[in-house]
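Open the model in your viewer and keep the selection panel handy. Each stop gives you something to select and tells you what is there.

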Amino acid sequence: MKYLCLIYDEEAKMATMSEADANALMGDYFAFTDDIKKSGHFIAGEALKPVNTATTVRMKNGKISTTDGPFAETKEQLGGFYMIEARDLNDALQVASKIPSARTGCVEVRPIEGQVDDLLAEIRKRTAVGQRTLVTTLTKRMAEDLTEY
């Protein structure tokens, strides 16, 4: 199952880190990323530019409205993410607990809602029932999906 690990830190505190501390933190991130690549958990991950580069978009009365900066003023800001593959929530939490910013900020873990994953799980489950049932089920599902368009 896929999970998104949203990494929050205090940008102001991070900006006051010594160069040595900042380099050590980046080293921890590089090591963590290497570890989850080797373990097969890694799907994607990126750091984000500072919050002052954000633009918030809303639709008001059918028109685009933009605001410089984040949606809300908060103590901690979204600084990056990892998308991971994990057996279950407990596995995802174990991976997230090793993200370096879990020590200095927090990491929010959310399951990815995905039809492809649900369909693959159904295929695996139904394969035990038999190929004929599987093909019939998938054909019906695809026909239903196509009628929506």
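Start on the face of α2 turned away from its buried side: select E19, A20, F30 and K38, which are exposed there. Exposed means over 50% relative accessible area, buried under 20%, and partly exposed in between, with a 1.4 Å probe and protein chains only. Helices here are DSSP runs of H or I with at least four residues, strands are runs of E with at least two, and both are numbered from the N terminus. This is a predicted model: local features need pLDDT of at least 70, side-chain atom pairs count only at pLDDT 80 or more, and totals for chains, interfaces and linings use all residues. Residues are numbered from 1 along each chain as its sequence is written, and side-chain values use heavy atoms, without hydrogens and water.

Now turn the helix over. Select L25, Y29, F32, T33 and I36, the buried residues of α2. They sit on the same side of α2 because they cover an arc of only 100° around the axis; the arc is taken over the directions from the helix axis to the C-beta atoms. Add β1, α1, β2, β5 and α3 (89–97) to the view: the buried residues of α2 pack against them. Contact means heavy atoms within 4.5 Å.

Step off the end of the helix. G40 follows α2, and its phi is positive, near 90°.

Next, select α3. Its buried residues are D91, A92, V95 and A96. Seen down the axis, they fall within an arc of 135°, so they line one face of the helix. Their packing partners are β1, α2, β5 and β6 (106–111).

Now for the largest pocket. It holds about 670 Å³ of space. Select M26, Y29, A47, L48 and G79, the closest to its centre among the 28 lining residues. On a 1 Å grid over the protein atoms alone, a pocket is an open set of points with protein on both sides within 12 Å along at least five of seven lines, and lining residues have an atom within 4 Å of a point. Volume is the space filled by probe spheres set on the points, which are joined across faces, edges and corners. Colour β1 (2–9), α1 (11–15), α2 (19–39), β2 (42–47) and β5 (77–85): each supplies at least two residues of the lining.

Last stop: K49, in the loop between β2 and β3 (55–60). K49 is exposed, at 65% relative accessible area. Draw a distance from its C-alpha to that of L78: 9.5 Å, with the two residues 29 apart along the chain.

Terms used: 1 Å grid on protein atoms, 1.4 Å probe; cavity = no way out; pocket = protein on both sides within 12 Å on 5 of 7 lines; lining within 4 Å.
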